[in-house]
Amino acid sequence: EVLQYPQLFEDIPEEYDIAGHHLNHDTWYRNGSHQRELLSGTIFLRINNKVKQIVKEWYDNAIENAEWEQKTLDKILKRHKEINFYELPLSYIYIKTLPNGLEPFVKIKEPFIVHNQVSRKLRKWIQMQKYNIKK
């Protein structure tokens, strides 16, 4: 859901090619893992030849393996040092719940873009259909 006009997308300096958010697992999940995960639910892609090549590589890699597409993109970006990455604030990719359905530890009062994680519900429904489980 886009709740506010995402002005930042117009204000990202020209030298940046891609913008996204790396979720800090220590603050988000409070798990002490020191992991940072690239989220791809909200990304900004500047239209230029470098980004077009990254998107093609991302697509090609994503269809070749069963890995989450956001992990694929993260690996590609780490290999391509020529891509200037802009870190979006959490308010541009705020997730309403933790994977277990509970409220997140980190609260954003006025997020710009909220992700409702409907895929989590659909994933459970698909699994139930696959195994013909009645709820």
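How many bridges join β1 to β2, and do the two strands run parallel or antiparallel? Let's work that out first, then move on to the helices.

This is a predicted model, in which local features need pLDDT of at least 70 and side-chain atom pairs count only at pLDDT 80 or more, while totals for chains, interfaces and linings use all residues. Residues are numbered from 1 along each chain as its sequence is written, and side-chain values use heavy atoms, with hydrogens and water left out.

**Exercise 1. Work out how the strands are arranged around β1.**

Step 1. Helices (H or I, at least four residues) and strands (E, at least two) are DSSP runs, numbered from the N terminus. Two strands pair if DSSP finds at least two bridges between them.

Step 2. Start with the opening question: β1 and β2 run antiparallel, joined by 6 bridges. One of the pairs to look for is histidine 21 with its bridge partner in β2, leucine 39.

Step 3. Now turn to β3. Strand β1 (residues 18-24) pairs with β3 in the parallel sense over 3 bridges. Here isoleucine 18 stands opposite phenylalanine 85, and alanine 19 stands opposite tyrosine 86.

Step 4. Put the pieces together: the 3 strands form an open sheet in the order β2-β1-β3, with mixed pairing. The edge strands, each pairing on one side only, are β2 (36-45) and β3 (85-87).

Step 5. Check the burial of β1, taking buried as under 20% relative accessible area, exposed as over 50%, and partly exposed as in between (1.4 Å probe, protein chains only). Because 6 of its 7 residues are buried, β1 is largely enclosed by the rest of the structure.

**Exercise 2. Find which side of α3 is buried, and what it packs against.**

Step 1. List the buried residues of α3: Val51, Ile54, Glu57 and Trp58.

Step 2. Those residues cover an arc of only 125° around the axis, which puts them on the same side of α3; the arc is that of the directions from the helix axis to the C-beta atoms. The general background is that an α-helix has 3.6 residues a turn, so residues three or four places apart point the same way.

Step 3. Look at the face turned away from the buried side: Asn49, Lys52, Tyr59, Ile63 and Glu64 are exposed there.

Step 4. Find the packing partners, with contact meaning heavy atoms within 4.5 Å. The buried residues of α3 pack against β1, β2 and α4.
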